[in-house]
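Student: I should like to work through the interface of a two-chain model in question and answer form. Please begin with the terms on which the answers will rest.

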There are 2 protein chains.
Amino acid sequence: MKNYSRQREAILQALRSTDTHPTANWIYNKVREQIPSISLGTVYRNLSALAATGEILAIDVGDGFEHYDGDISPHLHLSCRCCGNIEDLVLESDAFSQLASEHGFSPETSIYVIYGICKKCKKQNLNIGGN
Amino acid sequence: MKNYSRQREAILQALRSTDTHPTANWIYNKVREQIPSISLGTVYRNLSALAATGEILAIDVGDGFEHYDGDISPHLHLSCRCCGNIEDLVLESDAFSQLASEHGFSPETSIYVIYGICKKCKKQNLNIGGN
DNA sequence: ACCCAAATCAGTAATGATTACTATTTTATT
DNA sequence: AATAAAATAGTAATCATTACTGATTTGGGT
């Protein structure tokens with residue numbers, strides 16, 4: 001399961017170079033610094049391929065863009081409805097996957113998204129209509 | 001926070017009449033049995049409005065369609081990569097939201113999706129490349 | 001090193017779920 | 001009933017993503 005093409009390597013590196021959860025277009029622009037001739041289609045195709053093999057994670061937070069995550073360990077995504085930032089929170093153990101297993105489901109990947117207001121926005125009282 | 005229009009009521013009822021996680025188009029066809037003249041745009045607009053107020057849940061499993069859920073209690077969505085079905089699993093307590101709280105994040109909604117193979121597909125050995 | 005078949009590429013066109021728009025109808029209030 | 005605000009049906013536009021095509025690159029066998 002080696003990554004053959006220079007383009008795929010660059011895409012994977014670009015994704016792993018950040019702790020944000022970039023979109024295909026962000027990665028496209030990032031990789032273009034290194035390979036100016038790369039095509040957006042190539043980025044999409046490789047991201048899909050990498051997600052299919054489980055090397056990366058495709059995570060959808062409902063903003064109309066597919067986001068990608070180089071960290072495939074089960075963790076929480078805290079999505080702020082105010083600033084749009086997605087924060088990671090490491091899990092000691094994935095109790096939910098274990099629960100799913102006990103109910104006959106065979107888990108492969110988990111995507112946990114909690115929507116709300118992040119600490120920073122809360123502090124600035126930027127929360128809209130919230131508690 | 002009353003639901004004024006007949007269309008919005010019908011949309012909400014259609015969504016609550018099923019334990020599946022339908023798409024906007026499914027709901028559109030369902031409501032058309034009752035209100036044949038309803039517009040797809042109306043369905044989208046009301047689903048967005050209902051999701052914004054938290055009366056329903058918009059859940060994205062990465063198949064290119066937005067899915068909606070009338071059950072807003074925190075629960076697991078077990079998404080089978082084989083048959084595409086989304087199964088619910090009730091949670092006794094939402095430990096993950098509590099964990100997020102402890103880290104300064106103010107949770108409002110949680111969407112937990114576990115991808116894998118469901119019991120039925122597993123039994124039929126329909127799992128592709130799986131364990 | 002060279003050849004060849006398979007895989008991947010860049011570039012562009014097509015797709016299709018969702019959103020925006022507009023003129024009309026419905027609703028709530030006085 | 002009159003008025004203003006909100007919601008509707010129908011249609012057109014948007015735009016992230018996918019499909020397609022001919023050119024290029026890759027890796028294994030000789």
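Tutor: Two strands are said to pair if DSSP finds at least two bridges between them. Strands (E, at least two residues) and helices (H or I, at least four) are DSSP runs, numbered from the N terminus. The model is predicted: local features need pLDDT of at least 70, side-chain atom pairs count only at pLDDT 80 or more, and totals for chains, interfaces and linings use all residues. Residues are numbered from 1 along each chain as its sequence is written, chains are lettered from A and ligands numbered from 1 in the order in which they are written, and side-chain values use heavy atoms, with hydrogens and water left out.

Student: Which residue of β5(B) stands opposite A:Tyr115?

Tutor: Strand β5 of chain A covers residues 106-117 and pairs with β5(B) in the antiparallel sense, over 11 bridges. Within β5(B), the residue opposite A:Tyr115 is B:Thr109.

Student: What is the bridge partner of A:Val113 in β5(B)?

Tutor: On one side, β5(A) is joined by five bridges to the parallel strand β3 (residues 75-80) of chain A. There A:His77 has A:Val113 as its bridge partner. Across the interface, the partner of A:Val113 in β5(B) is B:Ile111.

Student: How many of the 12 residues of β5(A) are buried?

Tutor: Buried means under 20% relative accessible area, with exposed over 50% and partly exposed in between (1.4 Å probe, protein chains only). By this rule β5(A) is mostly covered, and the number of its buried residues is nine.

Student: What area is buried between chain B and chain A?

Tutor: The size of an interface is often given as the accessible area lost when the parts come together. Here buried area is the accessible area (1.4 Å probe) that two parts lose on being put together, summed over both. Carbon and sulfur atoms give 65% of the total, which is about 3,000 Å².

Student: Which three residues of chain B supply more of the area it buries against chain A than any other three?

Tutor: Their joint share of the area that chain B buries is 24%. The residues are B:Phe96, B:Phe105 and B:Glu108.

Student: How many salt bridges does the rule find across the interface of chain B and chain A?

Tutor: A salt bridge requires a side-chain nitrogen of Lys or Arg within 4 Å of a carboxyl oxygen of Asp or Glu. Across this interface, the number found by the rule is zero.
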